[in-house]
Amino acid sequence: MGVAIGVLALASAVITAGWLLDRAADRAVEQAAEARWAEGVTPEWMSEQMGLDLPDTAQSPQAAYQVTSRFDTGLLTFTLTRSEAESYLKEHPPEGNKWLEPQPHSGKASVAPHDFAHLGLPEPETLKDGVRYGDVCPRAAKSTGNPGVSKTPDSQYGVSDPYGMSDERCVEVYVHEFSPQRTRFYIRAHFEPGISPLPATPSSSAG
């Protein structure tokens, strides 16, 4: 009798676990279905929303903007020469005036492609050598009417206002010295859904 009860309890637990996994999978599918990449997003438009200038000497600029039900994500990437990159970084210092470097065994290499993969690039969290990162909080965001750049509640750099209503509006910046001559910038910002006006003219800059 006891064995039969144990078998029934185990079967019930397996069924419950399977149901929960199915629900989680369904939610993931629903969230993916809700997400869409906006058309007409140019690097110039994206840099304006972020409050960061796009250097005139930038090469291979790309941008994208993903709309979801939880928060929107803006992406901007470009390359500069090493000397141009250092000048740009001096003009846009990170919080605490210190760039961070990925720590060994930090687990970032397991990050699944989700953002910059849309632009045909690796996720910056997976990069190991020649990488610096930090939060940059451009003062220009206050004077350009930027409608809500913010860290998300689960930002790796700390918890901030999830709806971008605070005075401090920051973007995530990864700097990768991918060759002896050039440096690539990976910039990510989050916005409250529906606040940022999207560009009206379609463009192929977002891939």
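The torsion about the S-S bond of C137 and C170 is about 85 degrees, so this disulfide is right-handed. The two cysteines tie together distant parts of the chain, since C137 sits in the loop between strand 4 and helix 4 (140-143) whereas C170 sits in the loop between strand 5 (149-150) and strand 6, 33 residues apart. Their sulfur atoms are 2.0 Å apart, and the structure holds 1 disulfide. The two ends of the bond differ in their surroundings: C137 is partly exposed, with a relative accessible area of 26%, while C170 is buried, with a relative accessible area of 3%. The model described here is a predicted one, and the values that follow should be read with that in mind.

## Strands and their pairing

Strand 1, made of residues 36-37, is joined by 2 bridges to strand 2, and the two run antiparallel. Within this pairing, W37 has Q66 of strand 2 as its bridge partner. Strand 2 (residues 59-67) in turn pairs with strand 3 in the antiparallel sense, over 6 bridges, and the connection between strand 2 and strand 3 is a hairpin of 4 residues. Two of the facing positions can be named here: A63 stands opposite L76 of strand 3, and Q62 stands opposite T77 of strand 3.

Strand 3 also pairs with strand 7, again in the antiparallel sense, this time over 10 bridges. In that pairing, G74 stands opposite A189 of strand 7. Strand 3 thus has pairing contacts with strand 2 and with strand 7, and this strand is mostly covered, with 9 of its 10 residues buried.

## Helix 3 and the loop that follows

Helix 3 spans residues 82-91, and among its residues A85, Y88 and L89 are buried. These three cover an arc of only 100 degrees around the axis, which puts them on the same side of helix 3. The face of the helix turned away from that buried side carries the exposed residues S83, K90 and E91. What lies over the buried residues of helix 3 includes strand 3 (72-81), strand 4 (131-136), strand 6 (171-176) and strand 7 (182-191), so that strand 3 and strand 7, already met as a pair joined over 10 bridges, appear again in the cover of this helix.

In the loop between helix 3 and strand 4 lies H92, which counts as buried because its relative accessibility is 13%, and the cut-off for buried is under 20%. When neighbours within four places in sequence are left aside, H92 is in contact with L52, D53, W99 and V136.

## Aromatic pairs and a charge over a ring

The structure holds 7 aromatic pairs. Two of them are set out below, with the distance between ring centres and the angle between the ring planes.

| Pair | Arrangement | Centre to centre | Angle between planes |
|---|---|---|---|
| Y65 and F191 | tilted | 5.5 Å | 45 degrees |
| F116 and Y186 | edge-to-face | 5.2 Å | 80 degrees |

The pair of Y65 and F191 links distant parts of the chain, with Y65 in strand 2 and F191 in strand 7, 126 residues apart. Y65 is buried, with a relative accessible area of 1%, and F191 is likewise buried, with a relative accessible area of 1%. Ring pairs also bring W45 into the picture, as they link W45, Y65 and F191 into a cluster.

The pair of F116 and Y186 links distant parts of the chain as well, with F116 in the loop between helix 3 and strand 4 and Y186 in strand 7, 70 residues apart. At 0% relative accessibility F116 counts as buried, and Y186 counts as buried at 3% relative accessibility. Strand 7 therefore supplies a ring to each of the two tabulated pairs, namely F191 and Y186.

A further side-chain arrangement involves a charged residue and a ring: R184 lies over the face of F178, at 5.8 Å from the ring centre.

Technical notes
Residues are numbered from 1 along each chain as its sequence is written. Side-chain values use heavy atoms; hydrogens and water are left out. Buried means under 20% relative accessible area, exposed over 50%, partly exposed in between (1.4 Å probe, protein chains only). The arc is that of the directions from the helix axis to the C-beta atoms. Contact means heavy atoms within 4.5 Å. Two strands pair if DSSP finds at least two bridges between them. Rings of Phe, Tyr and Trp (its six-membered ring) pair if their centres lie within 6.5 Å; planes under 30 degrees apart count as stacked, over 60 as edge-to-face and the rest as tilted. A charge sits over a ring if NZ of Lys or CZ of Arg is within 6 Å of the ring centre and within 35 degrees of the ring normal. A disulfide is a pair of cysteine sulfur atoms within 2.5 Å.
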